[in-house]
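These are my notebook entries on a single protein chain. I set down what I looked up, entry by entry.

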Amino acid sequence: MPESHLVAKTTDIPADEAKRVIIGEHQIALFNLDGEYYATDDICTHAYASLSEGYIEDGCVECPLHAGLFDIKTGKAQGVPVTEDIKTFPVRIEGEDIYVEI
Ligand code: FES
């Protein structure tokens, strides 16, 4: 059963930026794409890098280590060097509060 976790305020994440949050043992990247918020695994599926430190463009995040690309909304890996998708998690906004369901 997924649980809702209050993880941040919308004002914590400027447009087209990301923030790393921790929920229990999960490291989550929270993204603001033009005022819409998305949550994915923070750790790249290729090696150990934090996607919240990556470069965001056209709805994708580029991993800071080897430039692997993932679609932020779907988690889909966009091609070599990344072949395994990242997980995505539902996000709910209440006022300025951002909740992630895990
Ligand atoms: S660690 Fe992300 S592309 Fe290699």
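**Entry 1. A sheet of three strands**

In which order do the 3 strands of the open sheet with β5 stand, and is the pairing parallel or antiparallel? I worked on a predicted model, and I read the order as β5-β6-β7 with antiparallel pairing. I noted β5 (55-57) and β7 (69-71) as the edge strands, each of which pairs on one side only. Neighbouring strands of this sheet are turned against each other by 25° on average, with direction ignored.

I then looked at the pairing of β6 with β7. Strand β6 (residues 60-62) is joined to β7 by 3 bridges, and the two run antiparallel. Within this pairing I found C60 opposite D71 of β7.

**Entry 2. Loops beside these strands**

I checked the backbone angles in the loops next. In the loop between β5 and β6 I found D58. D58 is a residue other than glycine, yet its phi is positive, near 50°. Is D58 buried or exposed? I counted 8 other C-beta atoms within 10 Å of D58, so it is exposed.

The loop between β6 and β7 holds A67. I recorded a positive phi near 65° for A67, again in a residue other than glycine. A67 counts as exposed, because it has 12 C-beta neighbours inside 10 Å and the cut-off for exposed is 12 or fewer.

I marked these angles because most residues other than glycine have a negative phi, and most peptide bonds are trans. The second part of that rule led me to P81, which has its place in the loop between β7 and β8 (88-89). The peptide bond from V80 to P81 is cis, and its omega is near 10°.

**Entry 3. The sheet of β1, β10 and β9**

I turned to another open sheet of 3 strands, and read its order as β1-β10-β9 with antiparallel pairing. Why is one side of β1 and of β9 left without a neighbour in the sheet? Both β1 (4-9) and β9 (91-94) stand at the edges and have a single partner strand each, so one side of each stays free of a neighbour in the sheet. From one strand to the next, the twist averages 30°.

I traced the pairing of β1 with strand β10 (residues 97-101), which is antiparallel and extends over 5 bridges. A8 stands opposite I98 of β10.

**Entry 4. The hairpin of β2 and β3**

I followed β2 and β3, which pair in the antiparallel sense over 7 bridges. The bridge partner of A18 in β3 is F31. Their hairpin has 2 residues between the strands, and G24 there takes a positive phi near 60°.

H26 is found in strand β3. I classed H26 as partly exposed because it has 16 other C-beta atoms within 10 Å, a count between the limits for exposed (12 or fewer) and buried (20 or more). I also took a distance from H26: its C-alpha atom is separated by 13 Å from that of I86, 60 residues apart along the chain.

**Entry 5. The largest nonpolar core**

Which of the 20 residues in the largest nonpolar core touch the most other members? I found these to be I28, L30 and F31. The elements giving two or more residues to this core are β2 (17-23), β3 (26-33), β4 (36-41) and β10. With 4 residues, β3 gives the most.

I listed the contacts of L30, leaving out residues up to four places away in sequence: V7, A8, I13, A18, K19, V21, Y37, A39 and I98. This list includes A8 and I98, which I had already noted opposite each other in the pairing of β1 and β10. A18 is also among the contacts of L30, and I had recorded A18 as the bridge partner of F31.

**Entry 6. The chain as a whole**

I closed with totals. The protein chain comes to 0 helices and 10 strands. Its C-alpha atoms fill a box of roughly 40 × 30 × 20 Å along the principal axes. A compact globule of 102 residues would have a radius of gyration near 13 Å, and the protein chain agrees with this at 13 Å.

I found that buried residues make up 25% of the 102 residues. Of the contacts between residues at least 6 apart in sequence, 39% join residues at least 24 apart.

How values were computed
Residues are numbered from 1 along each chain as its sequence is written. This is a predicted model: local features need pLDDT of at least 70, side-chain atom pairs count only at pLDDT 80 or more; totals for chains, interfaces and linings use all residues. Two strands pair if DSSP finds at least two bridges between them. Axes are lines fitted to C-alpha atoms, for helices over the stretch in contact, and angles run from 0 to 180 degrees between N-to-C directions. A nonpolar core is a set of buried Ala, Val, Leu, Ile, Met, Phe, Trp, Tyr and Cys residues joined through C-beta atoms within 7 Å. Two residues are in contact if their C-beta atoms, placed from the backbone, lie within 7 Å. The radius of gyration is taken over C-alpha atoms; the globule rule is 2.2 Å times the number of residues to the power 0.38.
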